[in-house]
Amino acid sequence: MADLRSMVYDNSNKLNDSEKQIVQFVLNNPKDCSRLSLAKLAKKLYVSESAIFRLCKKLGLSGYSELKFDLIELAQSRQKPIKIENNFARELSRVNDDVLKYFKQRDFNSLYRELENAGTVYIYSTGWQQELIAQYLAHELFVVGKHATVLPSALDELKAASRFAKKGDVLFIISFTGNNKTINEEITKLELVNDKFRCVSFTNMKQNKLASLVQHNIYFPTIAFTDDADYKSGKVAFTPAYYLIDLLISEYVAWQQSQGEDVEINVGN
C-alpha cells in the first residue's frame, strides 16, 4: 500500500485550496483524526462529508475507512524513536559538490539561447515544495531581466497558458518524480498539437517519463534530515535544487555577457 504522504505528493496538483487545507490538518493530526467518524471530522473542519469523500477519491483511496487506516499507520510511525545524527551538514556539502560536478558536465548553451529569445518563461509545478522552487526560479529570472509567470498547480492553468503562449516561449515543469501520468499526457499533447513551447523538466529522478518528453532536462537531488527520512515522510531538504538554480542563473548571466562581447568583436572587425 502506498504511503499516505506519497499519495498526497503524487496527487497534489488535483487538489483545490480547501482540499489542501483538509490534507494539511489530517497529516498534522493523524492520531486525533483517525479516531473521528466521517461526520465528526467534517463537523470539526466545517466541510461537508461529501467533500472529504471526494478528497479520498482524488488521493486514490477507496473511501474514508482507508483514509482512517492510513492515518493510524502514520500516527504509529511518528511514535517510533528516531535516531538523529549530526551529519546533515556533511551530507549537504557532499551533495552540493555532486551538484557542482553535474552542472560542470552539462552544456546548457542551447537552453540559454532559448531563454534569451523567449518572450515569456512559464513555470509549472506539481506539488507544494515544487511551488516554492518555482517561485524562487521566477525571482532569479526576474533579477536577470527575464519575465517569468508561475502557473498554479492545476491542469487547466497549463492548458490556458498554452493558448496564450507565443512561439518560442519556454516552459519549465518542476516535478519531483517526473512520472505524473496526467501531466505527462498533457505535455505530450502540447508537443504534438501546440508546438509553441520549448520545454524544460526539473526533476529529482534521472529516469523518468517527463524527461524523455521535453527538449531540456535538469536533475536535482534531495537530502534526508535524518537517516530514516525520505521524501514520502516530508523530512527532506530541497536545498540542492535551489543551489542548482543559482548555478544556472549565474552561468546564464555569463553567457549573456559573452554574447555581447562577440557582437562587439564582430562590429569591430
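Helices here are DSSP runs of at least four residues, labelled H or I and numbered from the N terminus. Keep that in mind for the exercises below, and remember that this is a predicted model.

**Exercise 1. Work out how Glu91, Arg94 and Asp98 are connected.**

Solution, step by step:

1. Start with Arg94 and Glu91. They form a salt bridge, with the closest N and O atoms 2.6 Å apart. The cut-off is 4 Å between a Lys or Arg side-chain nitrogen and an Asp or Glu carboxyl oxygen, so this pair passes.
2. Now look at the spacing. Arg94 and Glu91 sit three residues apart in helix H7, so about one helical turn separates them.
3. Move on to Asp98. The side chains of Asp98 and Arg94 also meet in a salt bridge, at 2.9 Å from N to O. These two are four residues apart in helix H7, which again means a separation of about one helical turn.
4. Put the pieces together: salt bridges with shared partners join Glu91, Arg94 and Asp98 into one network.
5. Finally, check the surroundings. Arg94 is partly exposed at 42% relative accessibility, Glu91 is partly exposed at 28%, and Asp98 is partly exposed at 34%.

**Exercise 2. Find out which parts of the chain the salt bridge between Lys20 and Glu131 links.**

Solution, step by step:

1. Confirm the bridge. The side chains of Lys20 and Glu131 come together at 3.4 Å, N to O.
2. Locate the partners. Lys20 belongs to helix H2 (residues 17–28) and Glu131 to helix H9 (residues 128–143), so the pair links distant parts of the chain, 111 residues apart.
3. Ask how accessible each partner is. Buried means under 20% relative accessible area. Lys20, at 16%, therefore counts as buried, while Glu131, at 28%, counts as partly exposed.
4. For context, the whole structure has five salt bridges.

**Exercise 3. Describe where Asp107 is and what its side chain meets.**

Solution, step by step:

1. Asp107 lies in the loop between helix H7 (88–105) and helix H8 (109–117).
2. Its relative accessibility is 56%, so Asp107 counts as exposed.
3. A polar atom of the Asp107 side chain is 3.0 Å from the backbone nitrogen of Asn109.

**Exercise 4. Lay out the sheet and say which strands stand at its edges.**

Solution, step by step:

1. Write down the order. Five strands make an open sheet, S2-S1-S3-S4-S5, with parallel pairing.
2. Read off the ends. Strand S2 (148–151) and strand S5 (216–219) are the edge strands; each has a single partner strand, so one side of each has no neighbour in the sheet.
3. Add the turn. On average, neighbouring strands of this sheet are turned by 20° against each other, ignoring direction.
4. Zoom in on one pair. Strand S1 (residues 121–125) and strand S3 (residues 170–175) run parallel and are joined by five bridges. Tyr122 stands opposite Leu171 in S3.
5. Add a helix. Helix H11 (residues 181–193) lies across S1, S3 and strand S4 (198–203), running at about 165° to S3.

**Exercise 5. Is Ser201 buried or exposed, and which residues does it touch?**

Solution, step by step:

1. Place the residue: Ser201 is in strand S4.
2. Check accessibility. Ser201 has 0% relative accessibility, so it counts as buried.
3. List the contacts. Leaving out residues up to four places away in sequence, Ser201 touches Ile173, Leu210, Ala211, Val214, His216, Asn217 and Ile218.

Definitions and conventions. Residues numbered from 1 in each chain as written. Predicted model: local features only at pLDDT ≥ 70, side-chain atom pairs only at ≥ 80, totals over all residues. Heavy atoms only, no water. Buried < 20%, exposed > 50% of the residue type's maximum accessible area, 1.4 Å probe, protein only. Polar contact = N/O pair within 3.5 Å; in protein donor to acceptor, adjacent residues only side chain to side chain. Pairing = 2+ DSSP bridges. Axes fitted to C-alpha atoms, helices over the stretch in contact; angles between N-to-C directions. Contact = heavy atoms within 4.5 Å.
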